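Let's take a walk through this fold together, from its loops to its centre. Please keep the coordinates open as you read.

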Amino acid sequence: MTKTIIRTEKLCKTFSSGGIQQHVLKNLDIRIVEGDFTIIMGSSGSGKSTLLYAISGMDKPTLGEIDFAGQKLTKFSNDRLAIFRRNHCGFVFQQIYLLDNMSVLDNVLASGLLVNKNKRELVKRAKELLLQVGINENSWSKFPTQLSGGEAQRVGIVRAIINNPKILFADEPTGALNSLSSKNVLDVFSEINRSGQSIVLVTHDVNTALRGNRVIYLKDGVICGDLQLGSYSDDDNLERHERLKEFLAEMGW
Ligand SMILES: Nc1ncnc2c1ncn2[C@@H]1O[C@H](COP(=O)(O)OP(=O)(O)OP(=O)(O)O)[C@@H](O)[C@H]1O
């Protein structure tokens with residue numbers, strides 16, 4: 001049976017500038033399922049990042065409700081929201097900002113120590129996760145400037161999941177990477193999703209979208225398509241690709 005982790009009801013976000021209102025999200029009712037790898041696609045300016053920021057508690061909606069793992073995020077003060085995000089959400093963005101004066105391992109531990117005070121346990125988990133994403137021991141004491149873009153992004157993913165977030169949110173996480181680094185980073189997303197991590201990821205990229213088991217399509221702040229793709233595996237990639245291409249064509253992408 002599927003378990004809902006996020007549910008929105010009539011979610012609206014309006015930005016105002018110079019006396020002009022822009023209705024970016026319009027009455028969105030969305031259900032995000034635990035364990036899913038949910039992809040959000042749509043044309044530029046359709047509201048993908050705005051939706052990601054709203055459901056992850058990074059920004060407050062103008063109207064509507066967000067229920068996140070049984071908690072009404074829309075009722076939270078900014079301080080409570082910040083604590084909620086730190087304890088329950090992981091974030092990966094296109095630009096990865098690691099702390100340049102700290103080693104790879106310390107960058108991960110610094111995030112972990114905000115939530116888990118048991119350093120020995122944390123070091124063990126950090127090392128296991130770094131190995132899982134292909135960052136091996138001889139890179140743990142390196143500084144971020146000594147890493148490639150793909151390696152840095154993989155460290156960023158470890159940093160984002162060190163506290164066992166309920167959901168990992170990602171906004172164009174491979175947008176700045178070449179195709180080989182992208183593939184390595186996507187393999188990490190696939191693997192952590194297989195091990196149970198819920199993921200919500202915004203992308204323009206078809207190869208990235210293929211990793212999800214569900215693709216939501218936004219057009220002008222409204223959901224106009226919702227494709228169930230089934231779990232990713234390397235073997236059925238051709239058929240998935242065809243189904244996704246057809247879906248995107250229907251959406252006018
Ligand atoms: N903080 C803000 N203040 C004013 N307008 C904003 C703000 N954030 C987003 N917008 C506007 O909301 C609209 C949707 O932006 P959003 O970044 O969500 O789109 P997107 O679908 O993620 O686009 P892209 O694919 O180009 O990143 C855009 O027109 C943008 O200019």
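Asp220 counts as partly exposed because 13 C-beta neighbours lie inside 10 Å, while 20 or more would be needed for a buried residue. In this predicted model, Asp220 sits in the loop between β10 (214–219) and β11 (222–228). Its phi is near 50°, a positive value in a residue other than glycine.

Asn164 is another residue to look at for its backbone. Although Asn164 is not a glycine, it has a positive phi of about 50°. Its place is in the loop between α5 and β8. Asn164 counts as partly exposed because it has 14 C-beta neighbours inside 10 Å.

Here are the loop residues side by side, together with one from a helix.

| Residue | Location | Other C-beta atoms within 10 Å | Class |
|---|---|---|---|
| Asp220 | loop between β10 and β11 | 13 | partly exposed |
| Asn164 | loop between α5 and β8 | 14 | partly exposed |
| Thr62 | loop between α1 and β5 | 15 | partly exposed |
| Lys48 | helix α1 | 24 | buried |
| Thr174 | loop between β8 and α6 | 25 | buried |

Two of the threonines in the table deserve a little more time. Thr62 lies in the loop that leads from α1 to β5 (63–68). Setting aside residues up to four places away in sequence, Thr62 touches Cys12, Lys13 and Thr14. Thr62 and Leu248 are 186 residues apart in sequence, and their C-alpha atoms are 29 Å apart in space.

Thr174, by contrast in its class, is buried because 25 C-beta neighbours fall inside 10 Å. Thr174 belongs to the loop between β8 and α6. With residues up to four places away in sequence left out, its contacts are Ser182, Val185, Leu186, Asp205 and Thr208. Twelve residues along the chain separate Thr174 from Ile162, and the distance between their C-alpha atoms is 20 Å.

What flanks strand β8 (residues 167–171), and how is it covered? On one side of the pairing, strand β7 (residues 89–93) joins β8 in the parallel sense over five bridges. Within that pairing, Val92 has Ala170 of β8 as its bridge partner. Strand β9 (residues 198–202) also runs parallel to β8, and five bridges join these two strands. There, Leu168 is matched with Ile199 of β9. Going from β8 to β9, the chain passes through helix α6 (residues 179–194), and this β-α-β crossover is right-handed. As for cover, five of the five residues of β8 are buried. Both of its faces are covered: Ile167, Phe169 and Asp171 are buried on one side, and Leu168 and Ala170 are buried on the other.

Now for the nonpolar interior. The largest nonpolar core holds 60 residues, and Ile40, Val108, Val158 and Val215 have the most contacts inside it. Helix α5 (residues 149–161) gives the largest share of this core, six residues. For Val215, the contacts beyond four places in sequence are Ile39, Met41, Ala209, Leu227, Leu229, Leu244 and Phe247.

Helix α3 (residues 104–113) is mostly covered too, with seven of its ten residues buried. The buried ones are Val104, Leu105, Asn107, Val108, Leu109, Ser111 and Gly112. Among the elements that cover them are α4 (119–132) and α5.

Finally, let's visit the ligand. Which residues surround the ligand? The shell is made of Phe15, Ser17, Gln22, Val24, Gly42, Ser44, Gly45, Ser46, Gly47, Lys48, Ser49 and Thr50. By type, these divide into two nonpolar, nine polar and one charged. At least two shell residues come from each of β1 (4–17), β2 (20–28) and α1 (48–55), and α1 supplies the largest share, three residues.

Lys48 is part of that shell and lies in helix α1. Why does Lys48 count as buried? It does so because 24 other C-beta atoms lie within 10 Å, and the cut-off for a buried residue is 20 or more. Apart from neighbours within four places in sequence, Lys48 is in contact with Ile40, Gly42, Val202 and Leu218. Lys48 and Leu218 are 170 residues apart in sequence, yet 6.9 Å apart in space from C-alpha to C-alpha.

Definitions and conventions:
Residues are numbered from 1 along each chain as its sequence is written. This is a predicted model: local features need pLDDT of at least 70, side-chain atom pairs count only at pLDDT 80 or more; totals for chains, interfaces and linings use all residues. A residue is near a molecule or strand if its C-beta atom, placed from the backbone, lies within 6 Å of it. Helices (H or I, at least four residues) and strands (E, at least two) are DSSP runs, numbered from the N terminus. Ala, Val, Leu, Ile, Met, Phe, Trp, Tyr, Cys and Pro count as nonpolar, Asp, Glu, Lys and Arg as charged, and the others, Gly among them, as polar. A residue is buried if 20 or more other C-beta atoms lie within 10 Å of its own, exposed if 12 or fewer, and partly exposed in between; C-beta atoms are placed from the backbone. Two residues are in contact if their C-beta atoms, placed from the backbone, lie within 7 Å. A nonpolar core is a set of buried Ala, Val, Leu, Ile, Met, Phe, Trp, Tyr and Cys residues joined through C-beta atoms within 7 Å. Two strands pair if DSSP finds at least two bridges between them. A crossover is right-handed if, with the strands pointing away from the viewer, the path from the first strand over the helix to the second runs clockwise.
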